[in-house]
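This report covers nonpolar packing and enclosed space in one protein chain. The sequence and structure come next.

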Amino acid sequence: MLAALTLHAEEVSLWVPQWLGAQYTFVDQHQDSLHSPYAGNLSLRPEGDTARSHTFGAYFGMALPAHLQFYADVEMFKGEGVSGATGLGGLTNGDVIRSGTAGLGKGPYLARAYLRWALPLSDDTVEVERGQDNLPGKEATQRVEVKLGTLAVNDDFDRNRYAGGTRTQFMNWSLFNNTAWDFAADTRGYTDGLVVGWIHPSWSLRYGIYLMPYEANGQRLVYSLPDSNGQQIELTLQPQTDGWALRLLAFRNKARMGIYADAIAIAQATGQLPDIRADDQPGRHKYGFGVNGELPLADDGDTGLFMRAGWNDGRTESFVFTEVDRTLSAGLQLSGAHWGRPTDHFSLAVAINGLSSIHRDYLALGGEGFVLGDGALNYGREQILEAYYSFTPIAHLTLSPDLQLIHNPGYNRDRGPARFVGLRAHLEF
């Protein structure tokens with residue numbers, strides 16, 4: 001009788017959602033005034049700016065029969081970024097919702113809602129700790145993994161131990177993701193799609209296909225994969241669980257995009273400024289590649305190095321993430337164990353962003369994208385330095401003073417340098 005009751009309780013528990021965690025992140029960031037002989041609609045504000053952002057999140061999961069799990073995340077964003085989150089390829093606050101689409105509400109929204117299926121391929125298991133989108137328990141080290149639903153593409157691709165989370169690590173967009181990777185997403189950073197992964201203890205291979213937005217930086221998705229989609233495949237090599245890792249990424253997008261050369265030709269024929277939106281046509285393609293590495297050095301991996309490099313064809317318009325066609329970044333994380341605070345970190349990194357030659361010409365002639373548009377352009381590679389110190393004054397709370405220095409902001413030698421000072425508070429349960 002007791003065994004029957006126990007079995008019934010276990011069956012019932014499969015259908016009971018578990019609260020997996022919650023977070024609140026506050027960012028107060030100040031942009032100093034900068035040299036600016038001219039400015040456009042999407043330039044950094046020459047007089048400087050101060051802005052605050054708040055994000056809230058609650059995360060739930062449910063175990064289901066047949067190796068299935070269901071996850072649902074609810075989030076809310078309030079506030080804004082400095083200079084309206086425009087004027088840079090590598091924007092300075094990764095928690096900011098981009099302002100390219102008007103009418104986004106400030107109330108709660110469903111960020112993720114997806115099914116996950118994991119088919120074991122071996123008897124060897126690893127312990128999974130409770131956390132956001134992670135139900136606690138044991139999982140096979142070799143498995144086939146499938147996700148289907150509303151997702152964030154960068155949850156499964158381009159991950160990095162030292163530079164992969166804007167709420168606890170680097171805040172600059174060029175340091176928590178590969179900014180040349182124009183991954184599928186709506187304005188908030190989510191989309192509907194499918195991910196298939198083959199997971200092995202020393203390597204993994206993942207493929208994902210997702211819905212693209214109807215317009216650049218748009219909230220509306222195109223619900224027809226044959227007409228519009230973002231595809232990526234990534235091979236991860238990691239011979240030891242806590243050792244070095246190398247990730248090789250390739251992507252290809254199909255969407256209603258404009259072509260920079262055609263937009264310039266239309267402008268020259270009409271005597272107007274080039275407008276990439278005037279040339280948008282369905283079925284256009286963009287492709288690119290990325291490399292991502294991490295190298296633990298000491299302190300059980302808490303001290304280590306990382307790097308990223310990325311390239312896209314730069315022929316069609318930057319459509320989703322930001323306006324970067326080439327990027328290279330590298331940095332380090334140093335554990336506070338060296339000065340008696342093992343939960344603290346000091347991190348420092350640099351990133352260099354570039355544009356394709358035709359993208360430069362488009363901006364130099366007065367064209368605008370969705371984050372760039374100074375009205376003119378004296379091209380130079382955008383150079384970013386970020387440093388932060390992360391410490392935990394009490395349990396669950398992390399405070400991070402942050403400093404960023406950017407030369408040639410928006411790829412323009414005529415402007416800057418731009419300096420940003422911020423303080424981030426992150427509360428997590």
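Leaving aside its neighbours within four places in sequence, which residues is Ala263 in contact with? In this predicted model, the contacts of Ala263 beyond four places in sequence are Pro274, Asp275, Ile276, Asp279 and Tyr362. Ala263 is placed in helix 3. One of its contacts, Asp275, is 12 residues away along the chain, and the two C-alpha atoms are separated by 5.9 Å. Ala263 counts as buried because its relative accessibility is 2%, and the cut-off for buried is under 20%.

**Nonpolar cores**

Tyr362, a contact of Ala263, is also among the residues with the most contacts inside the largest nonpolar core. That core has 54 residues, and the others listed with the most contacts inside it are Phe157, Phe170, Trp181, Tyr210, Phe306 and Phe420. Two or more residues each come from helix 2 (173-176), helix 3 (260-270) and helix 4 (357-364), and also from strand 11 (245-257), strand 15 (345-354), strand 16 (382-394) and strand 18 (418-428). Strand 11 gives the most, with 4 residues.

Phe306 can be followed through its own contacts. With neighbours within four places in sequence left aside, Phe306 is in contact with Asn160, Tyr162, Ala163, Phe170 and Leu175, with Gly293 and Glu294, with Ser329, Ala330, Gly331 and Leu332, and with Ala349. Phe170, one of these contacts, is itself listed among the residues with the most contacts inside the core.

Another core, of 8 residues, lies apart from the largest one and includes Val96, Tyr109, Ala152 and Tyr190.

**Cavities**

How many cavities of 30 Å³ or more does the structure hold? There are 2 of them. The table gives the volume and the lining make-up of each.

| Cavity | Volume | Nonpolar lining residues | Polar lining residues | Charged lining residues |
|---|---|---|---|---|
| Largest | about 70 Å³ | 7 | 5 | none |
| Second largest | about 50 Å³ | 5 | 3 | 1 |

The largest cavity is lined by Gln29, Leu44, Gly81, Val82, Ala85, Thr86, Leu88, Leu91, Thr92, Asn93, Val96 and Trp173. Val96 is thus named twice: in the lining of this cavity and in the core of 8 residues.

Around the second largest cavity, the lining consists of Leu42, Gly87, Leu363, Leu372, Gly373, Asp374, Ala376, Leu377 and Gly410. Its 1 charged residue is Asp374.

Key
Residues are numbered from 1 along each chain as its sequence is written. This is a predicted model: local features need pLDDT of at least 70, side-chain atom pairs count only at pLDDT 80 or more; totals for chains, interfaces and linings use all residues. Side-chain values use heavy atoms; hydrogens and water are left out. A nonpolar core is a set of buried Ala, Val, Leu, Ile, Met, Phe, Trp, Tyr and Cys residues joined through side-chain atoms within 4.5 Å. Buried means under 20% relative accessible area, exposed over 50%, partly exposed in between (1.4 Å probe, protein chains only). Contact means heavy atoms within 4.5 Å. On a 1 Å grid over the protein atoms alone, a cavity is a set of points where a 1.4 Å probe fits but cannot get out, and a pocket is an open set with protein on both sides within 12 Å along at least five of seven lines; lining residues have an atom within 4 Å of a point. Grid points are joined across faces, edges and corners, and a volume is the space filled by probe spheres set on the points.
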